[in-house]
Structures are given as structure tokens and as C-alpha cells.
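Biologist: I am new to this protein and would like to go through it with you step by step. Could we put it on the screen before we begin?

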Amino acid sequence: RDPDDPDARTGPTSEAANAHSAMLHVADFVHPLLKEGYEQVIVALGVDEHALTGRTRSFLRDLPVEGRVAGLHGRMVTGVGDFPKMGRSLPGSAIHLSMSPTEIRERLTDPANDAERPADSLVFQSMCLASEYDAEELDRLEELCREDCEAWADAKADYAAFVRGLAEAWQATG
């Protein structure tokens with residue numbers, strides 16, 4: 001991504017690149033069925049990649065591989081910094097469990113990754129998609145996000161601690 005050209009394309013730039021990218025995704029989905037012996041693979045993707053599940057199922061029909069692939073498609077989450085979305089094909093755009101706990105905390109508490117409008121707030125969107133908060137608590141957090149008050153800063157710090165804990169637990173599995 002070129003920071004001086006926000007309209008620069010990031011990702012596939014041709015039909016061949018699109019096909020190659022799709023095949024790599026399919027390989028990610030099929031490998032656990034073939035090599036690991038799983039009966040089913042469930043992939044979590046952004047809604048922008050909805051077609052990959054269908055392509056994978058079509059591809060599987062022509063392979064001597066047992067198993068099924070299902071997709072869970074969520075809305076796209078605003079990316080870190082100037083990135084329009086989080087995505088593994090956009091280096092530096094995401095928060096993931098392999099990051100250091102310090103980097104996770106910094107990304108979730110950095111004002112540059114937040115917005116007063118909850119729909120534009122990376123942190124609030126993350127809370128909605130990956131937390132233990134119930135609907136009532138999310139309503140309260142949405143209001144705090146709009147107010148951009150000290151209680152919102154505290155809520156972001158608490159959420160960052162939650163995600164750091166998940167990362168530490170995941171990294172401990174080796």
C-alpha cells in the first residue's frame with residue numbers, strides 16, 4: 001500500500017492474479033481435509049470473500065477428498081491506520097493473536113484506530129465481533145464510543161487486556 005496514493009490498488013491486479021489468489025485460498029481450506037483428516041473445515045472470512053466458499057465447494061467436487069467446507073462470513077472490520085479493512089493480504093492492517101501483547105494493546109488503545117462514530121471505530125467493531133459482551137453491554141459501549149470519554153478509554157483498555165489474554169493463551173499452545 002502506497003501511503004502517498006490512497007487510491008492505489010492493493011491485491012490482485014489481473015484475472016490471472018484473481019485466479020491465483022482464489023486457488024491459494026482453496027488450498028488453505030482443502031489442506032486440513034486432505035492432510036489432517038478433518039471431516040469439516042469452517043472458515044471465517046469477511047463478506048467480501050463470500051464467493052470463495054462456493055468456489056471451494058465446486059473445486060472439492062472434482063477432487064478425491066472427503067469432507068465439507070463451510071464459511072462464516074462477517075462484516076468487514078475497519079483496518080488499522082489508513083487501511084479500509086483488516087485482511088491478511090494487507091500487511092499491517094490487522095490485529096491478530098500471533099502479535100505481541102504490547103502491540104495488541106497499542107493497536108486497540110491508539111486513538112488513531114478509533115472514531116467517535118461506532119460504525120467507523122475499529123475497536124468498537126472488534127468488541128461486537130470478538131468479545132464476551134452481551135447486547136446490553138454493547139449498547140453501553142456504543143454510547144461511550146460516541147461520547148469519547150474517559151470511560152471509553154477505560155473500556156478500550158479492558159478490551160485490549162481481554163484480547164491480550166486470548167493471544168497469550170493461543171501462543172502458549174505452541
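Modeller: Please keep in mind throughout that this is a predicted model.

Biologist: Which residues form a nonpolar patch on the surface, and what is their accessible area together?

Modeller: One member, L97, is found in the loop between β2 (68–74) and α3 (101–109), and at 32% relative accessibility L97 counts as partly exposed. L97 is joined in the patch by L166 and W170. Together, L97, L166 and W170 have an accessible area of about 270 Å².

Biologist: How is confidence spread over the protein, and in which helix is confidence highest?

Modeller: The protein averages a pLDDT of 83, and 91% of the residues score at least 70. Over residues 1–9 the pLDDT is below 50, and this stretch has six contacts in the model beyond near neighbours in sequence. Where pLDDT is low, the predicted coordinates should not be read in detail. Confidence is lowest in helix α1 (residues 15–34), at a mean of 75, whereas the highest value, 96, belongs to α5.

Biologist: Is S126 buried or exposed, and which residues is S126 in contact with once its neighbours within four places in sequence are left aside?

Modeller: S126 is found in helix α4, which covers residues 122–129. Its relative accessible area is 12%, and because buried means under 20%, S126 counts as buried. Leaving aside neighbours within four places in sequence, the contacts of S126 are V77, M86, S131 and Y159.

Biologist: How many aromatic pairs does a search of the whole structure find, and which residues form one aromatic cluster?

Modeller: The search finds two aromatic pairs. In one of them, Y133 and Y159 are tilted, at 6.3 Å centre to centre and with 40° between the planes; Y133 lies in the loop between α4 and α5 (135–147) and Y159 in helix α6 (residues 150–171), so this pair ties together parts that are 26 residues apart in sequence. Y159 also pairs with F162, again tilted, at 6.0 Å centre to centre and with 35° between the planes. The residues that form one aromatic cluster are therefore Y133, Y159 and F162.

Biologist: Within that cluster, which residue is buried, with a relative accessible area of 2%?

Modeller: Y133 is partly exposed, with a relative accessible area of 26%, and F162 likewise counts as partly exposed at 26% relative accessibility. The buried residue, with a relative accessible area of 2%, is Y159.

Biologist: Turning to charged side chains, which residue forms a salt bridge with K156, and how far apart are the closest N and O atoms?

Modeller: K156 lies in helix α6 and its partner in the loop between α3 and α4, so the pair ties together parts that are 42 residues apart in sequence. Both K156 and D114 are buried. The partner of K156 is D114, and the closest N and O atoms are 3.1 Å apart.

Biologist: Which residue forms a salt bridge with R140?

Modeller: R140 and its partner both lie in helix α5, three residues apart, about one turn of the helix. R140 counts as partly exposed at 42% relative accessibility, and the partner is partly exposed too, with a relative accessible area of 24%. With the closest N and O atoms 2.8 Å apart, the partner of R140 is E137.

Biologist: Which residues do salt bridges that share partners join into one network?

Modeller: The side chains of E143 and R146 meet in a salt bridge at 3.9 Å, N to O, and both residues lie in helix α5, three residues apart. Salt bridges that share partners make one network of E142, E143 and R146.

Technical notes: Residues are numbered from 1 along each chain as its sequence is written. This is a predicted model: local features need pLDDT of at least 70, side-chain atom pairs count only at pLDDT 80 or more; totals for chains, interfaces and linings use all residues. Side-chain values use heavy atoms; hydrogens and water are left out. Helices (H or I, at least four residues) and strands (E, at least two) are DSSP runs, numbered from the N terminus. Buried means under 20% relative accessible area, exposed over 50%, partly exposed in between (1.4 Å probe, protein chains only). Contact means heavy atoms within 4.5 Å. Patches are made of residues with over 30% relative accessible area and no salt bridge: like charges are joined within 9 Å, nonpolar side chains (Val, Leu, Ile, Met, Phe, Trp, Tyr) within 5 Å. Accessible areas come from the Shrake-Rupley method with a 1.4 Å probe; for residues, only the protein chains shown count as cover. A salt bridge is a side-chain nitrogen of Lys or Arg within 4 Å of a carboxyl oxygen of Asp or Glu. Rings of Phe, Tyr and Trp (its six-membered ring) pair if their centres lie within 6.5 Å; planes under 30 degrees apart count as stacked, over 60 as edge-to-face and the rest as tilted. pLDDT is the predictor's confidence in each residue, from 0 to 100.
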